[in-house]
Amino acid sequence: MNNLDTVILWEDACRMFEEDVLPYVQEQYEKDGIPDWPARREAWNNWTDMLCQDGEISDWQYENWSQAPCCDR
């Protein structure tokens, strides 16, 4: 998946993650209202792995993107 015609930009991926994935992480791991940083980072890693496997981001993006801001202290 090195050369894709179109890919998701990091900023868009962060927005999509915050809208579509983070609410489930919060519901499952943050019932006390305290961010569970390891759970957020694992969810981001799993989600970007899925994007890479589905051809929505390149191998380079998967290997070089930093965590989304909502996953980092």
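Where does lysine 31 lie? In this predicted model, lysine 31 sits in the loop that runs between helix 2 and helix 3. With a relative accessibility of 73%, lysine 31 counts as exposed. Its separation from asparagine 46 is 15 residues along the sequence and 21 Å in space, taken from C-alpha to C-alpha.

From this loop, helix 3 is a good place to continue. Its start is marked by aspartate 36, a side-chain oxygen of which comes to within 3.1 Å of the backbone nitrogen of alanine 39. The helix has 17 residues, which at 1.5 Å a residue should span 24 Å, and the C-alpha atoms at its ends are indeed 24 Å apart, so expectation and model agree. After helix 3 comes glycine 55, with a positive phi near 80°.

Which residues of helix 3 are buried? They are Trp37, Ala39, Arg40, Ala43, Trp44, Trp47, Thr48, Leu51 and Cys52. An α-helix has 3.6 residues a turn, so residues three or four places apart point the same way. The buried residues of helix 3 pack against helix 1, helix 2 and helix 4, the last of these covering residues 59-64.

Helix 3 also has a part in the largest nonpolar core, a set of 18 residues in which Phe17, Trp44 and Trp47 have the most contacts. At least two residues of this core come from each of helix 1 (10-20), helix 2 (22-29) and helix 3 (37-53). Helix 3 gives the largest share, with six residues. For tryptophan 44, the contacts beyond four places in sequence are with Trp10, Ala13, Cys14, Phe17, Trp65, Ser66, Gln67, Ala68 and Cys71.

Among the buried residues of helix 3 is a charged one, arginine 40. Its relative accessibility is 7%, which means that arginine 40 counts as buried. The side chain of arginine 40 is joined to that of glutamate 30 by a polar contact of 2.7 Å. Setting aside residues up to four places away in sequence, arginine 40 touches Phe17, Leu22, Val25, Gln26, Glu30, Pro35, Cys70 and Cys71.

The cysteines deserve a look of their own. How many disulfides does the model contain? The count comes to zero. For cysteine 14, the closest cysteine sulfur belongs to cysteine 70 and is 7.0 Å away; a disulfide needs the two sulfur atoms within 2.5 Å, so this distance is too far for a bond. Cysteine 71 is in no disulfide either, the nearest cysteine sulfur being that of cysteine 70, at 4.0 Å. Both cysteine 14 and cysteine 71 are away from the surface: cysteine 14 is buried with a relative accessible area of 6%, and cysteine 71 counts as buried at 0% relative accessibility.

Glutamate 18 leads back to helix 1, where this residue lies. At 38% relative accessibility, glutamate 18 counts as partly exposed. Cysteine 71 is 53 residues from glutamate 18 in sequence, yet the two are 9.5 Å apart in space, C-alpha to C-alpha. Beyond its neighbours within four places in sequence, glutamate 18 is in contact with Pro23 and Cys70.

How values were computed
Residues numbered from 1 in each chain as written. Predicted model: local features only at pLDDT ≥ 70, side-chain atom pairs only at ≥ 80, totals over all residues. Heavy atoms only, no water. Core = buried A, V, L, I, M, F, W, Y, C linked by side-chain atoms within 4.5 Å. Buried < 20%, exposed > 50% of the residue type's maximum accessible area, 1.4 Å probe, protein only. Helix = DSSP H or I, 4+ residues; strand = E, 2+ residues; numbered from the N terminus. Contact = heavy atoms within 4.5 Å. Polar contact = N/O pair within 3.5 Å; in protein donor to acceptor, adjacent residues only side chain to side chain. Expected span 1.5 Å × (residues − 1).
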